[in-house]
Amino acid sequence: MNSIVSHIEPLLESAGLEGPFVFSTPPNMVMGDIALACFPFAKQLGKSPVDVAHDVQEKITEMESDVISRVEVSGPYLNFFIERSFLASYIMEEVLEKGEDYGKHLQSKKTQILVEYGCPNPLKAFHLGHVKNLITGESVARVLENAGYDVKRVNYQGDVGMHVAKSLWGIYNVKEEFDALEHKTTKEKIAFLGKAYVSGSKHFEKGEKEKAEIVAYNKRVYTKDPSIQEVYKEAVAWSLTYFDEVYKEFGTRFDALYFESQMFERGVEIVQKGLKKDVFTKSDGAIIFKGSEYGLHDRVFINSEGFPTYEAKDLALAENHIKDFSPEKIIHVVGKEQTEYFKVVFKAMEQTLPESVGKEHHIPGGFLQLKGDKKMSSRTGSVITGDTLVQITREEVENVMAESVVSNKSVVVGAVAMAAIKYTTLKSDITKDVAFDIEDAVKIHGESGPYLLYIGARITSILHKSSGGVLADTKLYSTITDEEKRLLLLLGQYPDITKKAAETYDPSHVARYLFDMAQCFNTFYTKCPVLQSEEEQKQFRLSLLRCTYIVLENGLSLLGISLVDEM
RNA sequence: GGGCCUGUAGUUUAAUGGAUAGAACAAGAGCCUUCUAAGCUCUGGGUCAAGGUUCGAUUCCUUGCAGGCUCACCA
């Protein structure tokens, strides 16, 4: 739309209007292709919006234009009808010419953005919340790259802290089991660690004695007590190996991995230094930052034991981010429950790390709410892990594909399952909670990943049967149907959508757009036969298919979803 | 209790202050001798409540109601 509009604007200006012009899409395609509301001009010209619309319509109708076939007035709106052959050649040429670059943008200068996401905790299960975060973070990164930013993916993993202590307690509680796992598979090791954590957590809440033991483990981790190093390091290594597999499976990778244990000492230093400058204050043996003086709330940065809290470690992390890269922005894709936390930490950071000012941003991710509207917790042990989700989804896909004969079926099943999971995660506003219903997540009908993959398979199938032949020819075809026009208009909007997604750090715009586009394609598909039509029309439609495929592929790649040839 | 956020069909959701609030699922009725029916077509059903600002409010403001998150030694 962006580009087509640039052909309409001069007409409006010669009709006496002053920009900027804000165009929209009429509610119904019968009314027109592109709309302009005349409210803003009413004041300028001292007339009612309806009169303005009529005036302009009259003037534009008198002008010669290859772009506009006619203009209609509907109340205060001007509705433009684009010349169909112009629309077709204009959009199709651009899409075909740019190919995988269609919908990409350039920034005037190369700006680096750090995107932090992932952030699982070693020694703890990789549950659905992590899956959501991983998928979302990767997609945000891709959307920003597509918008011309130099994106660096960073991950911060919590290898120290109470959760680790709980797991260690659980491990030592059944140490023989742990030892026996040495040569077993990663999956078995991880299952064990998950259980150890649950066991530690339960005992932590239950008994005072166990609680004290766990707190002692926490201290031993911090003080690098030699007696636990071997087990601790081994268990962390298991987790990290597993995470690598998960990252690969979900199609993500990181430019840098940071660990909480690395931020420990520097975190203390920063806070101690800040204490001398009165950035922090002592309170009940702890060192706190008085967020309350800034309309926020107070937080402990170093506890009364002298250990840094997560807050202090985050200060050190930020320092590392800025030292290791040269970001203009650092985006933390983290759950929205940490919104208030980040406000306080960023405020403290303004003073401990002045170069961070204006760079740190928190993108609050919604929760993954289970159907029973309970926030999922890995404490209860009744969690669904990422592996389980993938497994259940695969089974669902296999059911549907029971009859179909495709080559390399298990690969297709995997791709379709992954598309289903990713699409469900990304289709709604990033900050909103995703109501997670396992039935819904594995959905492969309606607004879903597989629906999108399906149109890709349909297109591939037709192109395959079209007796080959490269169709570089974007021959103009004069009789373009309504379905074709609608599809063309949508294809033309794709670059606007990717831009909006980057501006709002929200890939869901792309997800929903692709669904609209796919719906539109399916209507075209049922109404407009391709291979059976006569030569000139067939050529045109084949080109349109290729354009649709390009946009589909580009858009899906921003969501981290790959197409399949058949399904 | 303080702060922050959110309330849209039965469910999950969309809508720079603008046209008849748009979809998906579920429900009901149709469509496969024709490019993949994981599809298409049709039907019913919705803005938490009350005020206010505005030519115009799902959108902005106030109050109420309901829910979520958070508020010192967890991450």
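Okay, let's start with a strand pair: β11, residues 329–335, is joined to β12 by six bridges, and the two run parallel. If you want one pair of residues to click on, take isoleucine 330, whose bridge partner in β12 is glutamate 360. Before I go on, keep in mind that this is a predicted model.

So where does that pair sit? β11 and β12 belong to an open sheet of five strands, and the order is β7-β6-β5-β11-β12, with parallel pairing. The edges are β7, at 256–259, and β12, at 360–365; each has a single partner strand, so one side of each has no neighbour in the sheet. On average, neighbouring strands here are turned by 25° against each other, ignoring direction. As a quick reminder, strands of a sheet pair through backbone hydrogen bonds, and that can be parallel or antiparallel.

There's a helix to look at on this sheet as well. That's α5, residues 128–146, and it lies across β5 (112–116), β6 (150–157), β11 and β12. Relative to β5, helix α5 runs at about 170°.

Now for the other sheet. This one is open too, with three strands in the order β8-β9-β10, and here the pairing is antiparallel. β8 and β10 are the edge strands, each pairing on one side only. The average turn between neighbouring strands in this sheet is 50°, again with direction ignored.

Let's walk through it. β8, residues 281–283, and β9, residues 286–289, are joined by three bridges. Threonine 281 has isoleucine 288 of β9 as its bridge partner. These two strands make a hairpin with two residues between them. One thing to check in the turn is aspartate 284, which has a positive phi of about 50°. On the other side, β9 is joined to β10, residues 299–302, by three bridges, also antiparallel. Isoleucine 288 turns up again here, standing opposite valine 300 in β10.

Hang on to aspartate 284, as we move to the RNA. Which residues come nearest to RNA strand B? Of the 72 residues around that strand, the nearest are Ala35, Gly161, Asp284, Asn303 and Gly446. So our hairpin turn residue, Asp284, is on that list. Helix α17, residues 449–465, gives the most to the surface near the RNA, with eight residues. Sorted by class, that surface has 32 nonpolar, 26 polar and 14 charged residues.

Last part: three helix pairs. First up are α11 (260–276) and α12 (310–324), which pack at about 100° with their axes 7 Å apart. That angle is why we can call α11 and α12 roughly perpendicular to each other. On the α11 side you have Glu260, Met263, Phe264, Arg266, Gly267, Val268, Ile270 and Val271, and they meet Ala312, Lys313, Leu315, Ala316, Leu317 and Glu319 in α12. By class, that contact comes out as nine nonpolar, one polar and four charged residues.

Next, α6 (162–173) and α9 (208–222). Their axes come within 8 Å and cross at roughly 115°, and the crossing is right-handed. From α6, the residues in the contact are Met162, Val164, Ala165, Lys166, Leu168 and Trp169, and they meet Glu210, Glu213, Ile214, Tyr217, Asn218 and Val221 of α9. The split there is eight nonpolar, one polar and three charged.

And then α19 (508–527) with α20 (535–558). They pack at about 155°, with axes 10 Å apart. Are they parallel or antiparallel? At that angle, α19 and α20 are therefore roughly antiparallel, and their crossing is left-handed. The contact uses Val510, Tyr513, Leu514, Met517 and Phe521 from α19, plus Thr548, Val551, Leu552, Gly555, Leu556 and Leu558 from α20. What about charge? The residues in this contact are nine nonpolar and two polar, with no charged ones.

That's my tour, so pull up the structure and have a look around.

How values were computed. Residues numbered from 1 in each chain as written. Chains lettered and ligands numbered in written order. Predicted model: local features only at pLDDT ≥ 70, side-chain atom pairs only at ≥ 80, totals over all residues. Axes fitted to C-alpha atoms, helices over the stretch in contact; angles between N-to-C directions. Helix = DSSP H or I, 4+ residues; strand = E, 2+ residues; numbered from the N terminus. Parallel < 35°, antiparallel > 145°, perpendicular 65-115°, else oblique. Left-handed = near helix turned anticlockwise from the far one by under 90°. Contact = placed C-beta atoms within 7 Å. Nonpolar A, V, L, I, M, F, W, Y, C, P; charged D, E, K, R; others polar. Near = placed C-beta within 6 Å. Pairing = 2+ DSSP bridges.
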